Amino acid sequence: MRSPTAVTADDHQRYQYKPLPTGTSIRVLQIKGVREGKLCISLELIDLADDPFFYALSYTWSNPHANGVDFTEYFNTVSGEYTSESKTETVCHGKSIYIQTNLADFLQELQSSLEQQDSPFQIPRSQEFRIWVDAVCINQDDLEERAFQVQMMGDVYRKAARTIIWLGRGDQYTTDAVEAISKLAACPQDVFVQSNITPFRQQEPDVYTASGVPYISWMEWCSLAAFFKRQWFSRLWIVQEVILSRELFLMCGSHQICWEVLVTAARTVEARCKVLGFSPSTLFMQAHEIAVALEHNTVQLARWRDFYYGTSAPEPQTRITFENLIYDTWIFSATDPRDKVYGMFGLMKTDLKAKMAVDYTSPVELVYALTTKHMIDHYSSLQILSCVQDASIRRIKPSPSWTPDLSLPYFNMMCSNGFFCAAGVENKTPQLLPSSSWDRLKLKGCLFDTIVETGNDRTNHVNSSVLLDPSWFELCMLLSQPYQHTGEPRTEVLWRTLCANQTSESVVPAPKDYGILFKELLSAMIMVRAEIESEAYAEDQAKQEARGDPGPPPDCCTGFMDALGKAQEKWTFAEFDTLGREEILRHLCQRPRFLSSDRHGWLIYTLTKLQILALTEDNPNTPNWEELEQFFYNPTYVMRRKRGHDIVLVRQNDERFSASFHKRYGKHKLFLTEKGYLGLGPASAKVGDVVAILAGAEGPFILRHGHPGCDIGEENQEERKEKEGENEVMSLVGQAYVHGIMNGEAVEEEGFKLREIELA
């Protein structure tokens, strides 16, 4: 294995780039052999206007190997070879050029392949092998040239005879991965789809034999996962490189794969997973990663190629527009965060390029802000504001609060599919007003309501089993019964708000039977919570016994039945059993809350609140004590399995509600407004924040008085209200779902009036 050298050459020993002579000139690389153990190359000037013959390379500059779960150890082991300081010396026209390890690996493999008689590279006899490689063919130290060449990259890949995709040198998984791809591509898709095979899972050979499918071993599935988790598949620049290239060819070490073969294999897996209703490959995802199927990026790239070359007709929402590409490529990564915008330029129309010039001297926050304004103005849509992430997870700081952080691989649009219209049909068009500077955004909107209570912030919990939050039920108890804004029972309002009243496919409204699935999911979560609290009880008891202290607090429980018994005792002791429905509503559904610590007593008080909700509704969508006890003894599905110290919910037979809930709830929390509305908003929303309805937006937004980071205390709230008629600067916290105002109902309320709102 090559040991990269440190960069030590003096400037006079380094290769010096000469300016490109024309606006369509590029440099291409040729391999000249090896001398004294160093690879020798040359750089030749060609002009794209002459339609020259050359290849192009698509690769990643850094560590190319798979990362995550079983693959992290090897990834970390070789990471030292791929640092920016560890480069390989190459000789170019007698001078030194230092190139990244991954590129050096490719050039070495390429030279070996070109020397073979059966080389896969088709080169006309009159031509030499020339290839365009961005890291070497662009003078990376010249920001002006770099910016200009980035704008030309679309033409480079269009003109190249072929694009080679280099995935990195081979590893222990490569051979088995290529074998799995070959088997999947050779299998008729309908046969695989109708089989009993679960991709990325270990199954006996008999299952494959009975289905008429070549056997794919567990090692081959793991290897295929490692293949798809190579870094190239998540790199943003590959989007335009793959879409625009005439022909694609993959290399992984010494293995060579036709692009169409890989796409066929990926589509076969995707088609089977659609029938299964879930993505088994997420087993190979780390807890912090976005749970997107491993084959997704390959299938999506192939779909975009089909659209681009006209082999299939796209739906409007999937057309290759700058707006759609920004949303659809969010999960792809870029080393330079500005490239999340600039990486799309090769696919943009000429008029858009003129408005959004590439400039690597501009700070990231400026690039993102101008992009956001451009999208609002050009597409007459505020959808991009729906992507603003919670401030606690943003990477680009400082930044205007209204600018999404495109460098994050994550965003969670609350409502962005055209089903809602909170500002009413008469205000469907955004009203973007001239602003005083690049970091200000001025719109028309209405400050409709104020947050008076919020749920707990659960954003640090990755494990789905602990998403159950006692504050759900506290806020639900504070709602009118029935809900004054829609007439629905308040437990129905609760589950509709938790999933933003949408299916996982964003169909509105969510079906009525979601209430049954919600009750089942709550029951399972309660049982899991009982086990968590029981373990905490045992840990504390052991520590206290060792110290000679008395036992854990009396509100601790050793299991579900213990918690239920203690909740019943407290209920009777407080004489709640003597109260009728109206008395319970009057005495037990008011502030303040009654909560215990997160570690102990949590379950007893949660059971109490569930019983209150059950007694104040007919057929509530939350379980009562009797139903929970029945579930404890006869669960409708297996509730948990252990993986190390994690407790996770096992799939339900019907997981439609949980799929929608998990999609909407991530990085969000419930809140209650002054006017009695229940909403789901950003994790950092807090008391005093404002629910605003902006013209042209599907859903409401949460705004905060003052600049980002400003904290207006409660003592200043009245003063702020008096100034509501004036134009004050506010910051955007994020988008929200508020049950009862999503279809323009707020417009009908007295006092609704659009005003100028300036965001910083």
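**Exercise 1. Find which residues lie nearest the centre of the second largest pocket, and which elements line it.**

Solution. Of the 18 lining residues, Arg 14, Tyr 17, Ile 97, Tyr 98 and Asp 141 lie nearest the centre of the second largest pocket. Two elements give two or more residues to this lining: strand 5 (95–100) and helix 3 (134–137). Strand 5 supplies the largest share, five residues. The volume of the pocket is about 460 Å³. On a 1 Å grid over the protein atoms alone, a pocket is an open set of points with protein on both sides within 12 Å along at least five of seven lines, and lining residues have an atom within 4 Å of a point. Helices (H or I, at least four residues) and strands (E, at least two) are DSSP runs, numbered from the N terminus.

The model is predicted: local features need pLDDT of at least 70, side-chain atom pairs count only at pLDDT 80 or more, and totals for chains, interfaces and linings use all residues. Residues are numbered from 1 along each chain as its sequence is written, and side-chain values use heavy atoms, with hydrogens and water left out.

**Exercise 2. State how confident the predictor is along the chain, and where pLDDT stays under 50.**

Solution. The average pLDDT (the predictor's confidence in each residue, from 0 to 100) is 87 for the chain, and 87% of the residues score at least 70. Residues 641–646 stay under 50; the model has seven contacts (heavy atoms within 4.5 Å) for them beyond four places in sequence. Residues 717–725 also stay under 50, with nine such contacts.

**Exercise 3. Describe how strand 8 and strand 9 are joined.**

Solution. Strand 8 (residues 248–252) and strand 9 (residues 255–258) run antiparallel and are joined by four bridges. One bridge sets Met 251 against Gln 256 of strand 9. Two residues separate the strands in this hairpin, and Gly 253 in the turn has a positive phi of about 65°.

**Exercise 4. Explain why strand 18 is described as largely enclosed, and trace its partners.**

Solution. Seven of the seven residues of strand 18 (residues 729–735) are buried (under 20% relative accessible area with a 1.4 Å probe, protein chains only), so strand 18 is largely enclosed by the rest of the structure. Strand 17 (residues 701–705) pairs with strand 18 in the antiparallel sense over five bridges; two strands pair if DSSP finds at least two bridges between them. Strand 20 (residues 755–759) pairs with strand 18 in the parallel sense over two bridges. Met 730 stands opposite His 705 and also opposite Leu 759 in strand 20.

Note on methods
Buried means under 20% relative accessible area, exposed over 50%, partly exposed in between (1.4 Å probe, protein chains only). On a 1 Å grid over the protein atoms alone, a cavity is a set of points where a 1.4 Å probe fits but cannot get out, and a pocket is an open set with protein on both sides within 12 Å along at least five of seven lines; lining residues have an atom within 4 Å of a point. Grid points are joined across faces, edges and corners, and a volume is the space filled by probe spheres set on the points.
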